[in-house]
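This report covers salt bridges, strand pairing and a surface patch in one chain, followed by an overview of another. The sequence and structure are shown below.

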Amino acid sequence: MHKRHMIGCLVLVLAVLVSPQAFGQSTTMDLEIGYQVVDVTGNEDMYRTQLNQDDGFVIRDFSLRVLNPEGTKLFDRLTIDASGFGGNPYGHLRLDTGLGDTYRLHLNFNRFESFSALPAYANPFLENGIVPGQHTWERDRETISFEVELMPGKKFSPIFGYIRNQYDGPRQTTFYEGQDEFRLRSDLEETEEEYYVGVNFALGKFAGTLIQGWRSFEGTEHAELAAGAGSGNNDYVYLGVDPTATSISRVSRTEVDTPVTTFRLTGPLGDRVRMKASYVRADAESDTVLADMLSGSLVSYRIYRFFEGLTDTVVSNTDNPSWRGDLSFAVDLGEKVSLDLGYTSRHRELTGWSLVSSLYLDTMTFGGIDTGDILTLAEMNNSMERDDDVLDLRLNFGKVGIFRFWAGGSITSTDLDLTEDVAEIVVQTHQSGQFDREVSKYFFGTSADLGKGKFMVDWQTESTDDIIVRTNFTDRDRLRFRLQMPFLKYFEVLGTVETISSDNSSTDVGYEADTDHYAVDLGITPSDFLSFHLTWDSYETESTIPFRDPYTFDLSTSLFNDEGTLLEGSVDLHSGRFGLRAGYSTFENDGSLLLEFDRIFARCTLELSSQISAALEVETYDYSEDFLSAADFESERYGLFFRFHY
Amino acid sequence: MKDLIRCISVAALLVLVAVGFAWAGDGGDDEACMACHEDLAGALAKTVHGLTLRGTPGCQDCHGDGTAHMEEGDPSLISIPAGKDGQSACLTCHDTNMLNATGVTSVHAEAEIFCMDCHSIHGAAAESTSLLGMCADKLCSTCHIAEASSFRKPYGHRLEGDVMNCVSCHNPHTGAGAKSLVLDRSGQGPCVTCHAEKRGPFTYPHVGDTAGDCMSCHEAHGSTSPMALTRSRVDQLCLECHSPITAGTLGSMPPSIHELSNPRYRNCTVCHVAIHGSNTSPTLFR
């Protein structure tokens, strides 16, 4: 529970509640706030990873709208929205205000509680029944964005703003050193900030934006050996030594500075052409300093020694200039035909180096000779250059009878050049090289106006001349249907079918992936106060690709299969002062990871007066896996909420 | 935090200066319409379009000249914006869409999904800054039911009202597929807008912006696999690329010390922890 946020919101809400008339002519305010309790049985970590609701106060909804057409010299509109916080892992606060063509102000705050403790992820001891895995975290992310535009709608409107994204909290991770893996407890704080100034302009028929921003990132991590983790994950004994660590500490700090320039322009070129262009340039430079200090009884095949301590210092620097340009035209070719033509070019370079200074303490050869301390230095370099060019075209044909048509295509070219340093090579070959790939895409679609309904078909095919990584396709086809149709007065059906087929049939790859997805939604509205919804969604994804076992070098096949089925039903009832919204959904996967995920939800509302209503919420989840019962959980959430409306 | 306070203070000062030059608008001339259409005018008054006294649109800006309609009382003599004509009325003012510069026209409009199909000018406007008829995620799911169903899977993003919804990542006013993604000012996709620590640049990058992107390994809408991965087993995901049977593809093969017949070693990320990229380890160990 993060009290300062909750208290801040409550203060804001109370301030608004006690003076709704202070704002002028048109003020509407809705506040729904309440308290919820959550009960979890089974794997609570899994529940928190997936859902993470908690006991506590929750702002279900807050919205304040003030419109003051006559103006107050301060603002003529004010909107404040808030939701979440407290027992909800998400929180949101937004403020929009402005005064005619004097200014506009936008403030946005989001908060996310992020938790992960999975039983089967990064868990070397799952077979022994030990959960969760060794990579867990409990972190908070807060984002703030703030922007002011002065003289909006004028020829030149200055804008300036600020963005902040902070991510911090503890985590558990691992560190591979000395022929063993050790669990580390770590505290991490990462902050990205950006200040920007610029101008929106409207010159004649052209409008645009020019913004210069300065983005910076700072990340600091302090890590140390987790309690009881000194013996490492491995129980192998290397030449009579079972690697152990008595202490590990790490301090790392990364700073990134990125000036960002953005230019956008749009406007008509004659009566029939509308142009849109943009250019973005970002030059990022990153610096990292890391220091690891270990002590214990460890083994290194790098220096062919036993050692009892290590001081590892890494200094690195990365330059990453990039730019992106877009130019597109919408051309009116007559009453029935229009053309969209676009070109995008993107360039990205990366040049990085790191200097690793490793001081091995109290080393001893495998033969037992004391060799004292050994210092090794390694400088490693890395570089990359990537260019992407996309040319696309789309023709839209107006109504011919009940039909509309569209067709088009695109060509995407990628040039990727990777260079590796000799010192970087861990396993020779395939970590660098020059790669060119061109993807050609063609599509065609039609929609039919069926009176109150609509039907749409969309087909797309892509082919390439080469691949960069093995899972790239050489051919991919997609076909989609959508039908929306009301019938028998009370019914409306919406159905979609989508099939995607990707492959690389060359004999030395043999990659194949197919997805079939069907979904039907049936709405039944027998009266204005009663409606039902039924949804059935079924999909099957299957992919196969051969790979070589690294331990036998035999060829095997990687087969992945997902067969999901969702059934969902809900009812909405509003009768006088009483309202009910309830639903049930069950999702089942019969693919590679057999699981079932069910949800029951009900919300009853009762109007106590024209301005106050009460709501009772019940929500249950039931998650179960066929082959890992340690992952299962059941949860119940009960909430009582009150809504105030002015 | 000091920087933030400083920034807000400067902004507040500038706003105050601007307010000092505040301009007083002319009165509106919609009283004649309101005489009969009090309910519609009342609903509109609660929206940002209700600021008619400050020069935002009045009734006739969208409905056209109402003189004949007022004189005859014939409903057919007034324009009720809908469909493509309705869109034209909106575009009279909202003719630029500067959120995303990857496309000129909206793929929705080309499929005959026009402004009024999503935006409610007189209706539920008081509930929404964007005049949407309902919350964005619910609105999108009325057509995109398969995508909406994906969010019922156990792993992935949870749609949570205004905190996170479809328009957090997609701009419905631009193109289809990848063109619908909301780019930030540096031209990067929506993932790193929140997951800023994955933006890099990394001295030793992996997948992102080299040979792929976030979607090479993750399913954004929802997944049955932990960490919203595209495969249920991590080693399977890794080895599909890192097994260069094919000549000329990128990605080396793990050395033989990776004895994957033992489930204990099928967790590649136990050692390769910096899987999104590292500044200090080419093998992504830290």
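## Salt bridges

Over all chains of this predicted model, the count of salt bridges comes to 45. One of them joins A:R60 to A:E617, with the closest N and O atoms 2.7 Å apart. A:R60 lies in strand β2 (residues 56-67) of chain A and A:E617 in strand β25 of chain A, so this salt bridge ties together parts that are 557 residues apart in sequence. A:E617 counts as buried because its relative accessibility is 3%, under the 20% cut-off. A:R60, at a relative accessible area of 24%, is partly exposed.

A second example is the salt bridge between the side chains of A:D458 and A:R478, at 2.9 Å from N to O. A:D458 belongs to strand β17 (residues 453-464) of chain A and A:R478 to strand β18 (residues 475-487) of chain A, so the pair connects parts 20 residues apart in sequence. Both residues fall in the buried class: A:D458 has a relative accessible area of 8%, and A:R478 has a relative accessibility of 18%.

## A linked network

The side chains of A:E619 and A:R599 also meet in a salt bridge, with an N to O distance of 2.8 Å. This pair links distant parts of the chain, 20 residues apart, with A:E619 in strand β25 of chain A and A:R599 in strand β24 (residues 595-607) of chain A. A:E619 is buried at a relative accessible area of 8%. A:R599, at 19% relative accessibility, counts as buried because the class takes in values under 20%.

Which residues are linked with A:R60, A:E617, A:E619 and A:R599 in a network of salt bridges? The other members are A:D30, A:E32, A:D61, A:R603, A:R637 and A:R643.

## Strand pairing

Strand β26 (residues 633-645) of chain A pairs with strand β1 (residues 26-42) of chain A in the antiparallel sense, over 13 bridges. Within this pairing, A:Q36 is placed opposite A:G639 of β26(A).

β26(A) also pairs with strand β25 (residues 612-625) of chain A, again in the antiparallel sense, here over 12 bridges. A:T620 has A:E636 in β26(A) as its bridge partner. Strand β25 of chain A is also the strand that holds A:E617 and A:E619, whose salt bridges are described above.

## Nonpolar surface patch

On the surface, A:L327, A:L341, A:Y343, A:L391, A:L393 and A:I411 form a nonpolar patch, and together they have about 470 Å² of accessible area. Two strands of chain A, β13 (337-365) and β14 (370-400), each supply at least two of the patch residues.

A:L341 is one of the patch members and lies in strand β13 of chain A. Is A:L341 buried or partly exposed? With a relative accessible area of 33%, A:L341 is partly exposed, because that class lies between the 20% limit for buried and the 50% limit for exposed. The value is also over the 30% that patch membership requires.

## Chain B

Chain B contains 14 helices and 2 strands. Of its 286 residues, 44% count as buried. The accessible surface of chain B comes to about 13200 Å², and carbon and sulfur atoms account for 63% of this area.

Among the contacts in chain B with a separation of 6 or more, 48% are between residues 24 or more positions apart.

Technical notes:
Residues numbered from 1 in each chain as written. Chains lettered and ligands numbered in written order. Predicted model: local features only at pLDDT ≥ 70, side-chain atom pairs only at ≥ 80, totals over all residues. Heavy atoms only, no water. Pairing = 2+ DSSP bridges. Helix = DSSP H or I, 4+ residues; strand = E, 2+ residues; numbered from the N terminus. Patch = residues over 30% accessible without salt bridge, like charges linked within 9 Å, V, L, I, M, F, W, Y side chains within 5 Å. Areas by Shrake-Rupley, 256 points an atom, 1.4 Å probe, with all protein chains shown as cover. Salt bridge = Lys/Arg side-chain N within 4 Å of Asp/Glu carboxyl O. Buried < 20%, exposed > 50% of the residue type's maximum accessible area, 1.4 Å probe, protein only. Contact = heavy atoms within 4.5 Å.
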